[in-house]
Amino acid sequence: MPEPPTPVPEVRTHCPYCALQCGTVLRGDADVGVKVSPADFPVNRGRLCQKGWSAADVLHTADRLTRPLVRGTDGRLAPASWDTALDTVARGLRTLRERHGPDALAVLGGGGLTNEKAYLLGKFARLALGTGQIDYNGRFCMSAAAAAGNAAFGLDRGLPFPVTDLREADTVLLAGANVAETMPPLMQHLDRARLVVVDPRRTPTAERAALHLQPVPGTDLALALGLLHIAVAEDLVDRDYVRTRTHGFDAVARRTDDWWPERVEEITGVPARAQRRAVRMLAEARGAYVLTGRGAEQHSNGTDTVAAFIDLALALGLPGRRGSGYGCLTGQGNGQGGREHGQKADQLPGYRSLTDPAARAHVARVWGVAPDTLPGPGRSAYELLDALGRDGGPRALLVFGSNPAVSAPHAAHVTERLAALDLLVVADFVPSETARMADVVLPVTQWAEEEGTLTSLEGRVLRRRALLPPPPEVRSDLRVLHDLAVRLGEPADRYPTAPREVFDELRAASRGGRADYSGITYDRLDAGETLHWPCPDTPGDPHPGTPRLFLDRFAHPDGRARFADVDHRGPAEETGPAFPLYATTGRVLAHYQSGAQTRRVGELTDAVPEPFVEVHPDTAARCGLADRALARVVSARGGMTARVRTDATMRLDTVFVPFHFPGDGRANLFTHPALDPRCGMPEFKVCAVRLAPLSGVTP
Ligand SMILES: Nc1nc2c(c(=O)[nH]1)N[C@H]1C(S)=C(S)[C@@H](COP(=O)(O)OP(=O)(O)OC[C@H]3O[C@@H](n4cnc5c(=O)[nH]c(N)nc54)[C@H](O)[C@@H]3O)O[C@H]1N2
Ligand SMILES: Nc1nc2c(c(=O)[nH]1)N[C@H]1C(S)=C(S)[C@@H](COP(=O)(O)OP(=O)(O)OC[C@H]3O[C@@H](n4cnc5c(=O)[nH]c(N)nc54)[C@H](O)[C@@H]3O)O[C@H]1N2
Ligand code: SF4
Ligand SMILES: [Mo]
């Protein structure tokens, strides 16, 4: 009798990349290799994008970090034992704290970290380091929509409804979201709807639209005010809804008096006729959604822009109604959970405010410390990076889950600030561009080697599960935080290393907060329950979670949503004779973020091997450039090199560059670090540049 074949190990988990968190099945082991296939999960229903299919390649990438590295006296990073590496870090932190105070120590986290990691990182910063200087890359991602959502609805959950609800819509307006490339499996839920896409580029998403509005970058606020003007002028406002469910409409209606479609056309370039059609498509639909992405949000007026789109949705009576609504398409794998558990500068777990005395008292009780030991709010991400190594600024930075040398605005300046630190520590599983600059590099586990939870863009808490053991010398982020905390004199049991234990503590810390996870347990998740927060702990009668928020009331004390009276202002930088073109930046299907992971996957680098600049052929010709030539894209801050891709659907005044590439191919060498005063979001999506042949300019 032949031996029965040994079963291949198999585990159900989720993709390591974006916030859609497609369900996957992993099969295999270190010997036979790991294969990813799509699970039949509601958001992706058997589909994955190219990044998801190829995700396992990063697990065994040739330059995987497998040992700690410490920079020696010769200036080079060399392998070291964990004890040496951790002792070096702890000694450095202690010395700098004694010399300069606790705010000399800073932490930068990431929206890709699991809930458990994000939670423990915030606790580690506030207690073990005693610093207020912690923020995370989500500041560059979700902060504008979060600020606007909190103000309007009293609560910020990217989508306050399940993704699958979108199937019920007749019309969906996508403002600055290129879903066909950034969350391809989500497109299947938009199949039925007529799409209105607002994007300066004719993206693959815009190709699928019934109506494509192609504004000048940075003018969405004017456009949204104009759309609201039309809704009022054409009597399309849902008066009943506005009267019973909202506050503040009259001031907003008066404000939009000035925003005639023709005036809006002059500023945005979107024809008045197309504006009217967009509003009618939304108003006449039985179900309609307004969704924003980074294109509308990553501006120095990003919060006001989102607020104006929310105003439009409120005027049409969409939010808090089954089959209609407003939502922000959150980006990173745990972009939602990452903003709830305390790695944000102004925040404590449960989406609590660091300045609220009751919130401080609650979290301090869970942590077993006195409330006044908790430091106050620190700087937002860019402000933090900008302050590194300066007088009064941080002298040490610990990075978990971000690659700011590539992804932060004005990257040359940020790289300079990183270099000015006394101590840079990076925990990562690949030698990212930031890790290469570090004094100490700590090798950590990857998604398929660890347990945890993430919260997807629809507020659903999901289990990440391990298929493989990590390489022998690699530790989890939780273990690294524990090991460092103990060396800094903290009690060991304050930093559990088992994800389930950390989650249980997180549940207690979030209890009663805006993002209440107290009723969610690993056991319930493992039993296959669908749990969206808030999910309070209701002993004896388990709470079913909240897939749909706001159906009866919004989260403000009086249950009503707030209109925001905002007005248009242009971008921080206008075009002129020296820099005559608008540049905008964003994503392509094949690469993820700073590219640290996807540039290590053969099939993805084959698909898009190098930085490029998308430009109208006439504009390229005027700049002396042919298709496929190498060009410099230069702003007042600096320039980068990119391959010209001519595209006749581009606006004549606008170029586009993806930000996934390192070195001289960094889009962020030209971006503008102007920040939204309401949330600290940088202006990634518009600045003024010129385009020139590579040979014709001084670098
Ligand atoms: N393939 C891929 N998918 C990803 C990611 C990735 O890196 N790669 N990252 C994930 C993350 S973290 C995020 S945040 C999401 C982002 O997802 P998206 O928001 O869809 O991505 P972006 O490409 O940054 O921006 C979307 C669109 O905004 C347009 N845009 C530029 N300027 C303006 C403007 O002024 N107004 C308007 N209306 N549109 C403008 C761009 O042309 C672009 O097509 O994607 C997630 N998914
Ligand atoms: N010009 C321009 N710049 C942008 C944007 C844009 O549209 N245009 N978008 C912005 C947005 S929306 C975002 S979200 C940021 C993202 O930009 P980054 O913060 O740079 O994001 P990633 O490239 O995902 O970097 C994550 C790093 O952490 C590592 N990592 C992943 N998971 C873990 C983990 O669990 N633990 C640890 N220790 N490390 C981990 C990865 O290997 C990688 O090196 O970029 C922003 N920058
Ligand atoms: S859409 Fe996002 S979650 Fe789904 S496979 Fe692609 S990167 Fe992964
Ligand atoms: Mo993002």
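In this predicted model, a nitrogen atom of ligand 1 lies 2.6 Å from a polar backbone atom of His591. The backbone of Gln593 also takes part, with an N or O atom 2.7 Å from an oxygen atom of ligand 1. A side chain contributes as well: an N or O atom in the side chain of Thr584 is 2.9 Å from a nitrogen atom of ligand 1. On its own, ligand 1 exposes 900 Å², and the protein buries 99% of that area. The site of ligand 1 is the second largest cavity.

The shell around ligand 1 holds 32 residues, of which Asp199, Asp220, Arg587, His591 and Gln593 come nearest. By class, this shell divides into nine nonpolar, 15 polar and eight charged residues. At least two residues of the shell come from each of α5 (179-182), α12 (294-297) and β22 (581-586). Ligand 1 lies between domain 3 (144-329) and domain 4 (581-693), because both domains give residues to its shell.

Ligand 2 occupies a separate shell of 30 residues, with Asn137, Ser402, Ser407, Asp428 and Ser594 nearest to the ligand. An N or O atom in the side chain of Ser407 is 2.7 Å from an oxygen atom of ligand 2. A nitrogen atom of ligand 2 lies 2.9 Å from an N or O atom in the side chain of Thr585. At Ala427 the partner is a polar backbone atom, 2.9 Å from a nitrogen atom of ligand 2. Of the 930 Å² of accessible area that ligand 2 has on its own, the protein covers 96%.

The largest cavity is the space taken by ligand 2. Eleven nonpolar, 14 polar and five charged residues make up the shell around this ligand. Domain 2 (69-140 + 334-444 + 476-514) and domain 4 (581-693) each supply at least three residues of the shell around ligand 2. Domain 4 (581-693) thus appears in the description of ligand 2 and in that of ligand 1.

The third ligand has a shell made up of Cys15, Tyr17, Cys18, Gln21, Cys22, Leu48, Cys49, Lys51, Gly52, Met183 and Pro185. Eight of the residues around ligand 3 are nonpolar, two are polar and one is charged.

Gln21, one of the residues around ligand 3, also stands out in its backbone. Most residues other than glycine have a negative phi. Gln21, although not a glycine, has a positive phi of about 50 degrees. This residue is found in the loop between β1 (10-14) and β2 (23-29).

A further backbone feature concerns a proline. Most peptide bonds are trans. The bond from Trp533 to Pro534 is cis, with omega near -5 degrees. Pro534 belongs to the loop between α20 (522-526) and β21 (561-562).

How values were computed
Residues are numbered from 1 along each chain as its sequence is written. Chains are lettered from A and ligands numbered from 1 in the order in which they are written. This is a predicted model: local features need pLDDT of at least 70, side-chain atom pairs count only at pLDDT 80 or more; totals for chains, interfaces and linings use all residues. Side-chain values use heavy atoms; hydrogens and water are left out. A residue is near a molecule or strand if one of its heavy atoms lies within 4 Å of it. A polar contact is a pair of N or O atoms within 3.5 Å; within protein, one must be able to donate a hydrogen and the other to accept it, and residues adjacent in sequence count only if both atoms are side-chain atoms. Accessible areas come from the Shrake-Rupley method with a 1.4 Å probe; for residues, only the protein chains shown count as cover. On a 1 Å grid over the protein atoms alone, a cavity is a set of points where a 1.4 Å probe fits but cannot get out, and a pocket is an open set with protein on both sides within 12 Å along at least five of seven lines; lining residues have an atom within 4 Å of a point. A molecule sits in a cavity or pocket if more than half of its atoms lie within 2 Å of its grid points. Ala, Val, Leu, Ile, Met, Phe, Trp, Tyr, Cys and Pro count as nonpolar, Asp, Glu, Lys and Arg as charged, and the others, Gly among them, as polar. Domain bounds come from an automatic or database domain assignment. Helices (H or I, at least four residues) and strands (E, at least two) are DSSP runs, numbered from the N terminus.
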